[in-house]
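Work through these exercises with the structure open beside you. Try each task before you read its solution.

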Amino acid sequence: MTAPDAAIEAVATTETLLVALDFDGTLSPLVDEPLTARMTAGARAVVDELAALPRTTVALVSGRTLADLRVIAEHGDDSPIWLAGSHGAEFRMPGEQATVSSDAAADTADGTPADITDETALRDLLTAEISRAVAEIPGVRIEPKQYGLGVHTRTADAGGAEAARAAADRLVQAQAPTWRRRTGHDILEYSFRHEGKDSAVRHLRERLGATGVLFAGDDVTDEDALASLEPGDLGVRVGGGETVAALTVSDIDGFVEVLETVARLRAAHTG
């Protein structure tokens with residue numbers, strides 16, 4: 001048995017399993033219009049299969065706002081799938097309304113609680129200012145987010161993307177220097193909440209009493225969670241790029257094959 005095979009079997013046969021998955025680029029292809037993203041048919045089938053197994057919880061862990069994540073995941077009120085949006089600042093448990101992570105204090109740099117109302121007003125101001133600053137750059141879109149904003153450059157050329165990022169950095173640094181800055185596939189994000197996908201996975205692990213975690217992602221924003229995994233867990237990187245993940249697959253279809261193996265082993269173990 002190879003090391004990856006042994007790691008897959010170990011996580012699949014743990015007592016209580018959390019399968020925590022990034023969405024864009026991991027279960028769904030990256031698209032030009034963010035709200036048109038959907039899981040591939042294979043990803044949807046195996047996610048649903050895993051979610052139906054005993055002592056197994058599937059959670060989607062995304063930088064998307066919770067509202068948008070529900071849309072692209074086609075997540076109904078009766079879904080058994082847990083959601084962590086805004087990089088772990090928002091949660092939705094099956095049968096419950098959205099809530100906030102217990103460790104999400106939204107602290108300022110000096111440790112005092114931030115005034116969310118003031119930060120939201122600043123978010124709106126910066127969204128408007130950055131939108132004006134990049135209005136003449138083709139292919140750039142500014143996305144208001146629950147706790148910040150995103151600068152999408154997927155359809156911009158390299159020069160336009162660089163100019164848009166520079167303009168956004170200049171305005172945010174001047175007015176919100178303590179906000180968290182993240183880069184991803186053709187997106188630059190700013191947030192006045194400092195949670196990451198590592199804190200989201202930790203919160204879910206503790207809430208569920210998981211004895212093992214499978215986490216997968218495709219981008220630099222997923223590396224915090226991959227680096228936080230413990231012995232007996234399994235981290236999977238989908239696509240290229242530097243990673244601390246124990247297992248790398250080339251694309252979504254390759255990752256679906258990994259999940260199908262986990263589902264098969266898990267069904268035999270829990271059945």
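The exercises below cover a helix, a pocket, a cavity, salt bridges and backbone angles.

This is a predicted model, in which local features need pLDDT of at least 70, side-chain atom pairs count only at pLDDT 80 or more, and totals for chains, interfaces and linings use all residues. Residues are numbered from 1 along each chain as its sequence is written, and side-chain values use heavy atoms, with hydrogens and water left out.

**Exercise 1. Helix α6**

Task: find the span of helix α6, its buried residues and what covers them.

Solution.
Step 1. Locate the helix. Helices (H or I, at least four residues) and strands (E, at least two) are DSSP runs, numbered from the N terminus. Helix α6 takes up residues 197-208, twelve residues in total.
Step 2. Check the span. The expected value is 1.5 Å times one less than the number of residues. From first C-alpha to last, α6 reaches 16 Å, close to the 16 Å expected.
Step 3. Sort by burial. Buried means under 20% relative accessible area, exposed over 50%, and partly exposed in between (1.4 Å probe, protein chains only). In α6, the buried residues are Lys197, Ser199, Ala200, Val201, His203, Leu204 and Arg205.
Step 4. Find the cover, using contact (heavy atoms within 4.5 Å). The covering elements include strands β1 (17-21), β2 (56-61), β3 (82-85), β4 (90-92) and β10 (212-217), along with helix α7 (223-227).
Step 5. Look just past the helix. Gly209 has a positive phi of about 65 degrees there.

**Exercise 2. The largest pocket and the largest cavity**

Task: give the volume and lining of the largest pocket, then those of the largest cavity.

Solution.
Step 1. Fix the terms. On a 1 Å grid over the protein atoms alone, a cavity is a set of points where a 1.4 Å probe fits but cannot get out; a pocket is an open set with protein on both sides within 12 Å along at least five of seven lines; lining residues have an atom within 4 Å of a point. Grid points are joined across faces, edges and corners, and a volume is the space filled by probe spheres set on the points.
Step 2. Take the pocket. The volume of the largest pocket is about 540 Å³. Its lining has 30 residues, with Asp24, Leu30, His152, His185 and Ile187 nearest the centre.
Step 3. Trace the pocket lining to strands. β6 (141-145), β8 (180-184) and β9 (187-191) each supply at least two residues. β6 gives the most, three residues.
Step 4. Class the pocket lining. Ala, Val, Leu, Ile, Met, Phe, Trp, Tyr, Cys and Pro count as nonpolar, Asp, Glu, Lys and Arg as charged, and the others, Gly among them, as polar. The count is five nonpolar, ten polar and 15 charged.
Step 5. Turn to cavities. There are two of 30 Å³ or more. The largest cavity has a volume of about 110 Å³. Of its 17 lining residues, Ser86, His87, Lys145, Tyr147 and Ser191 lie nearest the centre. β7 (148-152) and β9 are the elements giving two or more residues to this lining. β9 has the largest share, three residues.
Step 6. Class the cavity lining. It divides into four nonpolar, seven polar and six charged residues.

**Exercise 3. Salt bridges**

Task: describe the partners of Asp24, Glu195 and Arg205.

Solution.
Step 1. Apply the cut-off: a side-chain nitrogen of Lys or Arg within 4 Å of a carboxyl oxygen of Asp or Glu. The structure holds 20 such bridges.
Step 2. Asp24 pairs with Arg64, with closest N and O atoms 2.8 Å apart. The two sit 40 residues apart: Asp24 in the loop between β1 and α2 (41-51), Arg64 in the loop between β2 and α3 (66-72). Both are buried.
Step 3. Glu195 pairs with Arg193 at 2.9 Å. Glu195 has 7% relative accessibility, so it counts as buried. Arg193 is buried too, at 5%.
Step 4. Arg205 meets Asp233 at 2.6 Å, N to O. Arg205 lies in α6 and Asp233 in the loop between α7 and β11 (234-238), so the pair ties together parts 28 residues apart in sequence.
Step 5. Arg38, Arg44, Asp48 and Glu74 are linked in a network of salt bridges.

**Exercise 4. Positive phi**

Task: where do His87 and Asp186 lie, and is each buried or partly exposed?

Solution.
Step 1. His87 is not a glycine, yet has a positive phi of about 60 degrees. His87 is in the loop between β3 and β4, and is buried at 4%.
Step 2. Asp186 has a positive phi near 60 degrees. Asp186 lies in the loop between β8 and β9, and is partly exposed at 34%.
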